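Trainee: I would like a close look at one single part of this model. Please take me through that part, then its surroundings.

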There are 2 protein chains.
Amino acid sequence: MGRPALSAAGLQAFRARAIDVALTLFAREPDVSLRQLAKAMGVSPTTPYRYFESKEELFMAVRAECYARFATQLRARLKPIEDPIERVHEVARGYHEHAATHPSEFGLMFQLGQPDPGAYPWAHRAGIDAWQVVLDAVEGAVLSGAVQADVLELAHLLWSGVHGIVSLSMSSRLSVGKSAADLVDPMVSALMRAHGWCP
Amino acid sequence: MGRPALSAAGLQAFRARAIDVALTLFAREPDVSLRQLAKAMGVSPTTPYRYFESKEELFMAVRAECYARFATQLRARLKPIEDPIERVHEVARGYHEHAATHPSEFGLMFQLGQPDPGAYPWAHRAGIDAWQVVLDAVEGAVLSGAVQADVLELAHLLWSGVHGIVSLSMSSRLSVGKSAADLVDPMVSALMRAHGWCP
DNA sequence: CGGGTAAGATTGACAGTGTTCAATTTACTG
DNA sequence: CAGTAAATTGAACACTGTCAATCTTACCCG
């Protein structure tokens, strides 16, 4: 039969370390090769293949970790805030700030043309979990009565709006004089106002 | 001295043909190698180097062509429409529709982590030209008095909003039951309403 | 028509990539 | 210590972008 199986503990440890090293490499340059990663881990170029199916699966695991960190950061940021409207603003600010602070992670999560997470249900689930933070914040605002809207639709509009700002900003496509930070609050305010919010 | 120079006509012809072939290849798969392109052109793998500085410059030229086509399509679509508000709606719909019809071109234009057009002023200018279409439409709406807003800010909000919808949609990140087509009009309406537009 | 010249395209090579597989080292158990 | 299972490695293949040197083509001038 094929090669012998490996212990669950060792597997998890190696994967975690690989993901960690990969994240620090990605922070330096946007294209990381498997061999670079292996060298940075002090291991032969083919060793990762014992713990990951392929380069795609490896970087998909890195992506999943990014989603998890993103969701954690958003939830932590939201924790002390009570006002439902302010929570929506805060999730938007957190979205932008996380992207600005960790641009390489944002690229990993949302780069167009990257392999579809559909093939990796765990990665897809991690993405859904981050999206759930946005959804919850919007639902809170709607339930509070401060805005009147279909939760799913308003959440999509807010997410798209902020995501668009951040994406365009990160590929330096905003006109000079306009920064992402200047646009996030107006975007959220406009979308809320359009749904009945009176500041 | 270095290799002999090449005639301006031949240069332009080869570049145009290369861009054309590249676009058809990109329509099939999102990653095209220089050698694939050369083979598809029926030419040796290194021939493109006579006409392009590097792979980056080649694909930057492809990008510039995408911007040009995009701007042309938007302007054509806008031509018969008079009402300033409807023009804004139409530019948004055109944005989405062009992306849906030519997803590979959209990816080339807006993929995160792609080389900065700043290093290629002609490509940057082509991008600015497409952006100008959006800007003009918004300016028309503001000048008509139907909305009250800073033109640059509203244009950025609209562009970001629609761009976000399209980007998230193209990486299949919208929830089931929500499609980009369902969101573009609500997004534009909401942003206009928030700026004083009364339908 | 013949030969020289310059434009244009090609071959060969190098370093680096993802990936596979056989061979080898390490670690642990009886 | 011996033997076996686990873990790692090295060599190899088909690719990639890129460069230098070489070859082929076409044309102009005497």
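Mentor: Start with helix α4 of chain B, residues 55-78, in this predicted model. The helix has 24 residues. At 1.5 Å a residue, the expected span is 34 Å. The end C-alpha atoms lie 35 Å apart, so the two values agree.

Now burial. The buried residues of α4(B) begin with an unbroken list: L58(B), F59(B), M60(B), A61(B), V62(B), R63(B), A64(B), E65(B), C66(B) and Y67(B). F70(B) and L74(B) complete the set. Charged side chains are there too: R63(B) and E65(B) are among the buried residues.

What covers them? The cover over the buried residues of α4(B) includes α1 (8-28), α3 (48-51), α5 (84-101), α6 (103-110) and α7 (121-143) of chain B.

Follow chain B to the loop between α1 and α2 (34-40), where E29(B) sits. E29(B) has 9 C-beta neighbours inside 10 Å, and therefore counts as exposed; the cut-off is 12 or fewer. E29(B) and S104(B) are 75 residues apart in sequence, yet their C-alpha atoms are 8.2 Å apart in space.

Next, the partner chain. 33 residues of chain A are in contact with 33 residues of chain B. On the chain A side, α6 (103-110), α8 (151-170) and α9 (180-193) each supply at least two residues. The largest share, 13 residues, comes from α8(A). By class, this side of chain A has 16 nonpolar, 13 polar and 4 charged residues.

How values were computed. Residues are numbered from 1 along each chain as its sequence is written. Chains are lettered from A and ligands numbered from 1 in the order in which they are written. This is a predicted model: local features need pLDDT of at least 70, side-chain atom pairs count only at pLDDT 80 or more; totals for chains, interfaces and linings use all residues. Two residues are in contact if their C-beta atoms, placed from the backbone, lie within 7 Å. Helices (H or I, at least four residues) and strands (E, at least two) are DSSP runs, numbered from the N terminus. The expected span of a helix is 1.5 Å times one less than its number of residues. A residue is buried if 20 or more other C-beta atoms lie within 10 Å of its own, exposed if 12 or fewer, and partly exposed in between; C-beta atoms are placed from the backbone.
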